[in-house]
Amino acid sequence: MQSSKGAIKFFAILLALVCIYQLSFTLVTKHVEKNAKEYANSEQVKALAKQLAKNNPANEKYFLDSLMAVKERHFLDSVASEPVYNILVKKFTYKECKERELNLGLDLKGGMNVTMEISVPDLVRAMSNNSQDPTFLKAMTKATEMHKTSQKDFITLFGEAFKSIDPNARLAAIFSTMDLKDRINFQTSNEDVLKVLRKEADDAMDRTYRILRTRIDKFGVTQPNIQKLQNTGRILIELPGIKEPERVRKLLQGTAKLEFWETYEYKELYDYVDKANKELKDILKGKKIQDTTSTAKDSTTASRDTSKSKNSILGKLESNKSKKTSAKEDTTESKSVNDFSKKNPLYAVLQPNLMQNEKGQYQPGKGPVVGYSALKDTGKVNAFLALPQIKNIFPKNIKFGWTVKAIDKAGKFLQLVALKVNSRDGSAALDGSVIVDARQDIGQNNSNEISMSMNNEGARIWKRLTGENIGKSIAIVLDGYVYSFPTVQNEIPNGRSSITGNFTLNEAKDLANILKAGKLPVPAKIVEEAVVGPSLGKEAINSGLMSFLIALLLVLVFMALYYNKAGRVADMALFANIFFLMGVLASIGAVLTLPGIAGIVLTIGMAVDANIIIYERVREELAEGKGINLALEDGYKNSYSAIIDSNVTTILTGIVLYIFGSGTIQGFATTLVIGILTSLFSALFISHIIFDWMLSRKKDITFDNNITRGAFKKVNFDFLGKKKIFYAISGTVFAIGIISMIVRGFSYGVDFTGGRTYVVRFEKEINASKLADLLRTNLESPEVKTFGSANQVKITTKYLINDASQASDGKVEAALKEGLKKVSDNKAEVLSSQKVGPTVAKDIIYSAFFAVFFALLIIFLYIFLRFKKWQWALGSIVALFHDTVFLLMWFSLFHGIFPFSLDVDQSFIAAILTVIGYSMNDTVIVFDRIREYLGIYKKKKMNIVELSNTAINATLSRTINTSLTIFFVLFTIFIFGGEVIRGFTFALWMGIIVGTYSSIFIATPIALDFIKDKES
């Protein structure tokens, strides 16, 4: 026993160290960000804001906020690549610390969440070269209709539809196109054609994912998240801090633009660059150039870095200048960087591509690279090169592009490449539409390279292009960024070629996918979207923390008052549990959302359940006259079975919730499951270690006080004798619920119906029905409900929800804003928005159904295996069905009546599953005690009904204490947790009440009724 306790202590210490390590990154980033705020809130900034505002107080606040934001961002950019955390064995930069900190979800810090989907039907049409074959067209139409109600993928449905329309028709006749001739011929079977189509759909998904990943990385978003949703054909993208949704939509939904450009050699441009540098010096004497970071596709950098320019770089340039000509300014390495910048403004931000020859002299380097620039300076270079006086210096047909990849390991410097425009319309020599295939390959010396092939037209142009540029570079550009500029060795006549370079395996695969992306026939479409404003996010953090702290205080006080010194031990275990929980969440990179905070708060309530079970058993052992040492050991030992069984059922429902849920629901499930596991560890082991320490120090341990001593010990209610009364009560409630569901129905959220919702806050109170009338002409029959306070509403509309065009979202937002302007003298602010497309809504409904079904099935099987009789499993399932109907009844009866949202959506399904888990937790405690008593009183042949009544009464103290604790915790979340999760919390609150009721008055009586029938 001592060895096992030693192992537990070792594991607890190890876990604590890991949690400290993981959480330390969050503390470091918060410290750096605090310094950034202090730096931004300087007297200089305040003075500048006052100067710009020209004594206008309103403008002064605007300028102050803007300047502070810029200064704060500048400070954080300056330390992004600098070490800010030293743990002796390794140093971490601010950027690395930021990547490891505990992430906050969009609902807590604002931002945009979108789900994108590739249109597989459009892809199939494009692969058939838009075939007009009647059988093909009928099959496409039929498959599209089938896809609306089926969970099968579109390719499978298309194959089934094609076969049902004409069993003898061959897909090869439709898909043996020029692009697919290498994989499909007239002898290819229908099954093999479908495999090719499915492979192309999967490849299109991968290519789209990689393109979006690259675009997002270049967009300059802190801690973006992008992931493929397996088996759905969709991509989830989370962009914190985004304030321009329309810009993001254009960025994400635009088709990838792949281009092949001829290039200039730098030696052709050196004199122009040098002249531009001198011209800039004269320009800057009379005109200040602002450092702009453009988002234009051909000259951007979205990632910022404020690393300092190296003196050695400038020294090389200065040395070269002094040797080259006496007409250049006589600068030396001993002069300051500022002095050099004034005399050489372009070279200060763009190190020219110079190389030393055998004599040590500097001369223009080979290739199209003009120079190298720090990430932070690329915006300034763009601004310099965009000046009309500078543009006139360079050839008319020159175009500049930044490389997508940094040239140094630290990721600080990019290359500027000179592209040559030889077409009249300014387009590239060749674009990505000619690419048929591209793949990663192994070349000579086992190096990674990319092999690509083109169609006939592309092969012809490629032959001419390579023939005319032997010894020169051709740049491969995607979305305005230069990915590669290989040197042409010889003419390539057949459209097949390879790109070599210092590629890793993954880089070669990525570039192959990027090249093939030019073949993508349809853009990805946004099918689900949520936008949360920063003000709402800040409110969510405040309300979440408030509910957390108050709930924690309530639980701590209750345990300390009811269980005396043992209660304080439970409180220490609870603090350990919260510490472990947060550490584990940080370790796995989990995102903390508002429902996630609700999950943590609920975990606080459920965490003390294990302690309550143990303490009640210890009190029973003490009542039998055992000493404190033996009572503790027996109390823990006799509690293990009930604790494990009750918590496993909740964990199982949490896992089901995670698998079938999405977004914030997964966040809730994650915190709930991890919280239960850390709660078990803390209650079973940490508290035991503390008790052992107290016993070794001969400290007094008490489990009650004068008021709680002997509580619930003399109760002897005849629960099972009154079962018919409770059957009647439940039957009546069931009937009322069914009638309400038929007559009133439900208020479905957009999760289930599809549509758009907007949370809008007004300066003054607003009448929801009058606002609906004002918006009707703009949004076509919108639904408007008061959402929380009287000046806040939720607007739901299906306007243009079936319009898949990129412009539809902007049209709806414009219509909403136009409608809100009709409300005179009451300024409105859109706090958040959500969009759910019809296909996503269908999938959510299916997921909700399967989630509940599998949760019930798993629980049935678990109870059957643990208790060896199907009657116990049946009793538990009937109780869970009873609880579910009760919740549905509440949401049907009172939607539109209570002053908060009672929509049936994903959150409601999460609440049902959580209630199912809790209800089983309570039910299993009773079942476990009945099983224990059956073993103890086996020889006495005690009546099973009498024995079960005794078991229920014996566990009554645990049932009431745990239920009250969770009841008040949920009440705290309901009051302080914020409007967004109030309906969700209400469902949990009601579920806890009915779950406690059903575990005593429904589950056990039903099981006993069937057991007695079988015995008779």
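Reading the largest cavity and a helix crossing

By class, four nonpolar, two polar and five charged residues make up the lining of the largest cavity in this predicted model.

Me: Which residues line the largest cavity, and what makes five of them count as charged?
Reply: The lining consists of Ile 613, Glu 616, Arg 617, Asn 638, Ala 642, Ile 925, Asp 928, Arg 929, Ala 954, Thr 955 and Arg 958. Because Asp, Glu, Lys and Arg count as charged, the charged residues here are Glu 616, Arg 617, Asp 928, Arg 929 and Arg 958.

Me: Which helices each supply at least two residues of that lining?
Reply: They are helix H21 (594-623), helix H22 (628-660) and H30, and the cavity that they help to line has a volume of about 100 Å³.

Me: Why are H30 and H31 called oblique to each other?
Reply: The axes of helix H30 (residues 906-936) and helix H31 (residues 944-954) cross at roughly 130 degrees. Angles of 65 to 115 degrees count as roughly perpendicular and those over 145 as roughly antiparallel, and the crossing angle falls in neither range, so the pair is oblique.

Me: How do you know which residues of H30 and H31 meet?
Reply: Contact means heavy atoms within 4.5 Å, and by that cut-off Val 926, Arg 929, Ile 930, Tyr 933 and Leu 934 in H30 meet Ile 944, Leu 947, Ser 948, Thr 950, Ala 951, Ile 952 and Ala 954 in H31. The residues of this contact divide into nine nonpolar, two polar and one charged.

Notes. Residues are numbered from 1 along each chain as its sequence is written. This is a predicted model: local features need pLDDT of at least 70, side-chain atom pairs count only at pLDDT 80 or more; totals for chains, interfaces and linings use all residues. Side-chain values use heavy atoms; hydrogens and water are left out. Axes are lines fitted to C-alpha atoms, for helices over the stretch in contact, and angles run from 0 to 180 degrees between N-to-C directions. Helices (H or I, at least four residues) and strands (E, at least two) are DSSP runs, numbered from the N terminus. Angles under 35 degrees count as roughly parallel, over 145 as roughly antiparallel, 65 to 115 as roughly perpendicular and the rest as oblique. On a 1 Å grid over the protein atoms alone, a cavity is a set of points where a 1.4 Å probe fits but cannot get out, and a pocket is an open set with protein on both sides within 12 Å along at least five of seven lines; lining residues have an atom within 4 Å of a point. Grid points are joined across faces, edges and corners, and a volume is the space filled by probe spheres set on the points.
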